[in-house]
Amino acid sequence: MKHHRRTDERGSATIETVIVVPVAVLFLSLAILGGRLAIAQQAVQAAAADAARTASIARTHTIAQSKGQAAGQASLANQGLTCGQQSVLVDTSQFSRPVGTPAAVTATVSCDVPASDLGIPGVRAAYPIRATATSPVDTYRQRA
């Protein structure tokens, strides 16, 4: 005589869903955060390079400062990067070197990338991304 044991599996799909869905959403949110930070790093690096290059071709340190900052901010805006706080700092101190002496312009761009909209528990509200780029100033060009 065979005994058939009846197992009741009602509700097991619900329990599996309750466990699997939050884990899947958390994993997806972390993947989105990682992608957002990688894209932000590239955008900030490109903005720093744009700012340094634009400043290095200016004739005076005052113009280099303003054009470099404007180029860095425009680059961030053109790439659609949303920053909580952002800054573009352009170092034109080497413009005072005499003609014939190598000089360079350095630009540093910072951006706080928001992460609070993803709703991931234990994750900071924003991640600071920073990049620095240097561009040489023409050694034999007159500068003021």
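These notes cover a long-range salt bridge, a disulfide, one helix and a surface patch in a predicted model.

1. Helix H1. This helix covers residues 12-56. Its 45 residues should span 66 Å at 1.5 Å a residue, and the end C-alpha atoms are 66 Å apart, so the expected and modelled spans agree.

2. Buried side of the packing. The buried residues of H1 are Ser29, Leu33, Ala40, Ala43, Val44, Ala47, Ala48, Ala51, Ala52, Ala55 and Ser56. What do they pack against? The partners are helix H2 (61-78), strand S1 (86-91), and strands S2 and S3.

3. Nonpolar surface patch. Ile15, Val18, Ile19 and Val20 together form a nonpolar patch on the surface, and their combined accessible area is about 400 Å². Val18 belongs to H1. Its relative accessibility is 55%, and because the cut-off for exposed is over 50%, Val18 counts as exposed.

4. Salt bridge. The structure holds 1 salt bridge. Its members are Asp117 and Arg36, with 2.9 Å between the closest N and O atoms. The two residues are 81 residues apart and link distant parts of the chain: Arg36 sits in helix H1, while Asp117 is in the loop between strand S2 (103-114) and strand S3 (126-137). Side chains of opposite charge can pair when their charged atoms come close.

5. Accessibility of the charged pair. Are Asp117 and Arg36 buried, partly exposed or exposed? Asp117 has a relative accessible area of 55% and is therefore exposed. Arg36, with a relative accessible area of 25%, is partly exposed, because this value falls between the 20% and 50% cut-offs.

6. Disulfide. The count is 1 disulfide. Cys83 and Cys111 form this link, with their sulfur atoms 1.9 Å apart. Cys83 lies in the loop between H2 and S1, and Cys111 lies in strand S2, so the pair ties together parts that are 28 residues apart in sequence. The angle about the S-S bond is -105°, and the link of Cys83 and Cys111 is left-handed.

7. Accessibility of the cysteines. Cys83 has 17% relative accessibility and Cys111 has 1%. Both cysteines count as buried, because buried means under 20%.

8. Strand S2 in these points. Cys111 of the disulfide lies in strand S2. The buried residues of H1 pack against S2, among other elements. The loop that holds Asp117 runs between S2 and S3.

How values were computed: Residues are numbered from 1 along each chain as its sequence is written. This is a predicted model: local features need pLDDT of at least 70, side-chain atom pairs count only at pLDDT 80 or more; totals for chains, interfaces and linings use all residues. Side-chain values use heavy atoms; hydrogens and water are left out. Patches are made of residues with over 30% relative accessible area and no salt bridge: like charges are joined within 9 Å, nonpolar side chains (Val, Leu, Ile, Met, Phe, Trp, Tyr) within 5 Å. Accessible areas come from the Shrake-Rupley method with a 1.4 Å probe; for residues, only the protein chains shown count as cover. A salt bridge is a side-chain nitrogen of Lys or Arg within 4 Å of a carboxyl oxygen of Asp or Glu. Helices (H or I, at least four residues) and strands (E, at least two) are DSSP runs, numbered from the N terminus. Buried means under 20% relative accessible area, exposed over 50%, partly exposed in between (1.4 Å probe, protein chains only). The expected span of a helix is 1.5 Å times one less than its number of residues. Contact means heavy atoms within 4.5 Å. A disulfide is a pair of cysteine sulfur atoms within 2.5 Å.
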